[in-house]
Amino acid sequence: MNAIHSNAVTRLLAQRVALGLLSMLIVSLIIFVAVNSLPGSFAGAALGQSATPEAVAAFNRQLGLDQPLATRYFSWLGSALVGDFGNSFTNRPVAVMILPRLVNSLKLALAAACIAVPLAVICGIICVRFVNRLPDRALSAATLSTISLPEFFIAYLLILLLAAKLQILPSLSTIRPSMGVGDQLLRMVLPVMTLVFVTLAHMMRATRAALLNVMSQPYVEMARLKGEPEMRVIISHALPNAIGPITSVVALNLAYLIAGVVVVETVFVYPGIGDTMVSAVSNRDIPVVQACALIFSAAYIVLNLIADVIAIASNPRLMHERS
């Protein structure tokens, strides 16, 4: 039985990984075609409007932009598979340009996740413990209001209140490697708060819904009949069986923290990969845009794959095909 179970798990994991790789291939094709379909050209932006057609053609030939689209795609994909995203149109290696910015974005995402995930689970448990009572209604109303506000609006509200009015935090989050850890953390407070407000509501409401769905199960009623405290019933019996749906929503929000920070980084002038992508789009720097978009897509696919595996591991019935 153990061997059969192990083979089923291995086969399932292989299927999920294969689907993830296929998704990455399709996404890479969409990214390449979409980015190369952007209006305007880097040659025109670099050489100016007075550039002659001959100068533009020579410029495109130097950068390899005169080759067929299919040839350029397979060349780019083959290099990307080994971590080589080529050179930007400013003649700098793309990896060298985006790696420090990616590290900065991961710092921001990790800080927000370390606060938002535990807080969302705790608030979800409180809502279930006091369902349809004041704590539940207050938290639900607050999170619903937060979901209704776009992240840039929350960011500007925090800047207005904490930076402009109270003047306790810097309004800009420009950090440099030469800064001390304390100074960097201080400048990261506002963007981290914005990301926490944006992601907390989704995760808390998902935790509440998943727990309420489990609370109606017979084994939860049996635990109550045994006289166990309500909080113990929620944490020990309901929460482990609600891990699957909670993990899926958490994974989506963690992917957002990595890929959806473009607006937040732009508002706070934070030197992350989102800000780099915005600058690259403005400058028509196609290799940088492609690399950033591929990293964002990979984050979504990998985190959803992990969530899928965790959901299946927490509910073995998902490993069996439905008849």
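What follows is a short dialogue on reading the features of this predicted model.

Me: Let's start with the overall picture. How many helices and strands does the chain have?

Reply: Start by listing the elements in order. Here the chain has 14 helices and zero strands, so reading from the N terminus you get α-α-α-α-α-α-α-α-α-α-α-α-α-α. Keep in mind that this is a predicted model.

Me: And what share of the residues is buried?

Reply: Of the chain's 323 residues, 39% count as buried. You can also look at how far contacts reach along the sequence. Among contacts between residues at least 6 apart, 73% join residues at least 24 apart.

Me: How do I check a helix by its length? What span should α11 have, and what span does α11 have?

Reply: Take the rise of 1.5 Å a residue and compare the expected span with the distance between the end C-alpha atoms. For α11, residues 243-259, the 17 residues should span 24 Å, and the end C-alpha atoms are indeed 24 Å apart, so the two agree. Try α4 as well: residues 69-81 make 13 residues, and the reach from first C-alpha to last is 18 Å, close to the 18 Å expected.

Me: Now the sides of a helix. Which residues of α4 are buried?

Reply: Find the buried residues, then ask how they sit around the axis. In α4 the buried ones are R72, Y73, W76, L77 and A80. They cover an arc of only 130 degrees around the axis, so they fall on the same side of α4.

Me: Which exposed residues are on the face turned away from that buried side?

Reply: That face of α4 carries F74 and L81, both exposed. Just after the helix comes G83, with a positive phi of about 85 degrees.

Me: What about α11, which residues are buried there?

Reply: The list for α11 is G244, I246, T247, V250, A251, N253, A255, Y256, L257, I258 and A259.

Me: Next, the nonpolar core. Which residues touch the most other members of the largest one?

Reply: Look for the members with the most partners inside the core. The largest nonpolar core has 54 residues, and L190, L195, L211, M215 and F268 touch the most other members. Several helices each supply at least two residues of this core, among them α5 (94-129), α7 (151-165), α12 (262-268) and α14 (286-314). The most comes from α8, with 12 residues.

Me: Which residues does L195 touch?

Reply: Leaving out residues up to four places away in sequence, L195 touches L108, A112, Y256, L257, V261 and V264. A second, separate core has 28 residues, including M24, V35, F89 and A259.

Me: T207 is a polar residue I'd like to follow. Where is T207, and is T207 buried or exposed?

Reply: Go from the element to the surroundings. T207 lies in helix α8, residues 181-214. With a relative accessible area of 1%, T207 is buried, because the cut-off for buried is under 20%. A polar atom of the T207 side chain lies 2.8 Å from the backbone oxygen of M203. Beyond residues up to four places away in sequence, T207 touches A120, V121, G124 and I246.

Me: On to charges. How many salt bridges are there?

Reply: The structure holds six salt bridges. For any pair, check the distance, the place in the chain and the burial. R208 pairs with D136, the closest N and O atoms being 2.8 Å apart. This pair links distant parts of the chain: R208 is in helix α8 and D136 is in helix α6 (residues 134-148), 72 residues apart. At 2% relative accessibility, D136 is buried.

Me: What is the closest N and O distance between E221 and R224?

Reply: Their salt bridge has its closest N and O atoms 3.1 Å apart. Both sit in helix α9, three residues apart, so about one helical turn separates them. E221 is partly exposed at 36% relative accessible area, and R224 is partly exposed at 29%. E221, R224 and E230 are linked in a network of salt bridges.

Me: Which residue does E228 meet in a salt bridge?

Reply: The partner of E228 is R232, at 3.5 Å from N to O. E228 is partly exposed, with a relative accessible area of 23%, and R232 is partly exposed too, with 47%.

Notes:
Residues are numbered from 1 along each chain as its sequence is written. This is a predicted model: local features need pLDDT of at least 70, side-chain atom pairs count only at pLDDT 80 or more; totals for chains, interfaces and linings use all residues. Side-chain values use heavy atoms; hydrogens and water are left out. Helices (H or I, at least four residues) and strands (E, at least two) are DSSP runs, numbered from the N terminus. The expected span of a helix is 1.5 Å times one less than its number of residues. Buried means under 20% relative accessible area, exposed over 50%, partly exposed in between (1.4 Å probe, protein chains only). A polar contact is a pair of N or O atoms within 3.5 Å; within protein, one must be able to donate a hydrogen and the other to accept it, and residues adjacent in sequence count only if both atoms are side-chain atoms. Contact means heavy atoms within 4.5 Å. The arc is that of the directions from the helix axis to the C-beta atoms. A nonpolar core is a set of buried Ala, Val, Leu, Ile, Met, Phe, Trp, Tyr and Cys residues joined through side-chain atoms within 4.5 Å. A salt bridge is a side-chain nitrogen of Lys or Arg within 4 Å of a carboxyl oxygen of Asp or Glu.
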